[in-house]
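Student: Could you walk me through this model, one question at a time?

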Amino acid sequence: MVIEKLQQLQSLFAEMEQALIAYSGGIDSTLVAKIAYDILGDRALAVTAVSPSLLPEDLEDARIQAAMIGISHEEIYTQEMANPNYTANPVNRCYFCKSELHDQLKPLARQRGYLYIVDGVNADDLQDYRPGVQAAKERGVRSPLAEVGVTKAEVREISKYLGLSCWDKPSQPCLSSRFPYGEEITIAKLQRVGRAEVYLRRLGWQNLRVRSEGDTARIELPPAQIQEFIIQNDLPLLVKTFQELGFVYVTLDLEGYRSGKLNQVLQPELLVTYT
């Protein structure tokens, strides 16, 4: 089944002839970049948006993956933090982020002669509240993975089949997703939560979130790892490190990590799909 979907993706890019990929370095856009480059060669270009909501470590990962693939890779600087509609952190915050991204990518693609802009949205993304998807659709962006019906699990399977080293990389959405809707986003807050996550990653915990609510850091881990986390870590040192970063309180979410958790506060009518 996944081989058939891979072939469909390859055919899709062959029909495009040229493509500019909105490339974050995450597993989804990396797979899209890999297939695009395999089919189109130098007629494919990966472009990464650099902003305070992207960890420097994740930007470096994106550079490394692009180099391993062989695809041409460029970086642009987006200015969503200058938009009060974004920094106010409303429920449709991602709409303003993706609008800024694609309002920069569209003229770049036109200038370079790329007929298509594509992103890494997969079929599962269409089943969650993702206002950024709407912003991309309004600007004519295509989502090959979603078009072919490739799920997140299939993204990993195809990536492993193609030999991508990031096939099991945890999902890493932008740092702004760590804040509850309605809490203002600032560069200082983004840096604080980013440094906290890097600290935990360096301790060996990869699939995690540090949610920031005011002065409180709430650590989310897969439920099966919570007990191990408590036993293995020097908790007083961890708390001290987080407080040095600017947090006052440090908590552990006993429910554990699950994707889209912040959306549980939304009204049911907002939880629409984008199919």
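Below is a run of questions and answers on this structure.

Tutor: Before we start, this is a predicted model, where local features need pLDDT of at least 70, side-chain atom pairs count only at pLDDT 80 or more, and totals for chains, interfaces and linings use all residues. Residues are numbered from 1 along each chain as its sequence is written, and side-chain values use heavy atoms, with hydrogens and water left out.

Student: OK, sheets then. What is the strand order in the open sheet of four strands?

Tutor: Strands here are DSSP runs (E, at least two residues), helices are H or I runs of at least four, and both are numbered from the N terminus. Two strands pair if DSSP finds at least two bridges between them. In this sheet the pairing is parallel, and the edge strands S3 (72–77) and S4 (117–118) each pair on one side only. The order is S3-S2-S1-S4.

Student: And which residue in S4 stands opposite leucine 20?

Tutor: S1 and S4 run parallel and are joined by two bridges. Opposite leucine 20, in S4, stands isoleucine 117.

Student: What about S6: which residue in S7 is the bridge partner of isoleucine 219?

Tutor: S6 (residues 216–220) has four of its five residues buried (under 20% relative accessible area, with exposed over 50% and partly exposed in between; 1.4 Å probe, protein chains only), so S6 is largely enclosed by the rest of the structure. Strand S7 (residues 249–252) runs parallel to S6, and four bridges join them. The partner of isoleucine 219 is leucine 252.

Student: Which residue takes a positive phi in the hairpin of S5 and S6?

Tutor: S5 (residues 209–213) runs antiparallel to S6, with five bridges between them; arginine 211 has arginine 218 as its bridge partner in S6. The hairpin has two residues between the strands. The positive phi, near 65 degrees, belongs to glycine 214.

Student: Is asparagine 89 buried or exposed?

Tutor: Asparagine 89 sits in the loop between helix H4 (84–87) and helix H5 (93–112). Its phi is positive, about 60 degrees, although it is not a glycine. Most residues other than glycine have a negative phi. With 0% relative accessibility, asparagine 89 is buried.

Student: What is the relative accessible area of glutamate 17?

Tutor: Glutamate 17 also has a positive phi without being a glycine, about 75 degrees. The loop between helix H1 (2–16) and strand S1 (19–22) is where glutamate 17 lies. Glutamate 17 counts as partly exposed because its relative accessible area is 47%.

Student: Now the salt bridges. How many residues apart are glutamate 154 and lysine 5?

Tutor: A salt bridge here is a side-chain nitrogen of Lys or Arg within 4 Å of a carboxyl oxygen of Asp or Glu, and the structure holds 21 of them. Glutamate 154 and lysine 5 make one at 2.8 Å, N to O, and both residues are buried. Glutamate 154 is in helix H8 (residues 152–161) and lysine 5 in helix H1, so to speak distant parts of the chain, and the separation is 149 residues.

Student: How far apart are the closest N and O atoms of lysine 240 and glutamate 244?

Tutor: Both residues lie in helix H11 (residues 235–245), four residues apart, about one turn of the helix. Lysine 240 is partly exposed at 46% relative accessible area, while glutamate 244 is exposed at 56%. Their closest N and O atoms are 2.5 Å apart.

Student: Which helix gives the most to the largest nonpolar core?

Tutor: A nonpolar core is a set of buried Ala, Val, Leu, Ile, Met, Phe, Trp, Tyr and Cys residues joined through side-chain atoms within 4.5 Å. This one has 30 residues, and those touching the most other members include Phe13, Ile21 and Tyr23. Among the elements that each supply at least two residues are S1, helix H3 (56–69) and helix H7 (144–148). With seven residues, the top contributor is H2.

Student: Last one: where does UniProt place the feature "domain: NAD/GMP synthase"?

Tutor: The record is an unreviewed entry, and such annotations may be inferred rather than shown by experiment; positions follow the numbering used here and feature names are shortened. Over that stretch the chain is 44% helix and 27% strand, with the end C-alpha atoms 31 Å apart. UniProt places the feature at residues 17–80.
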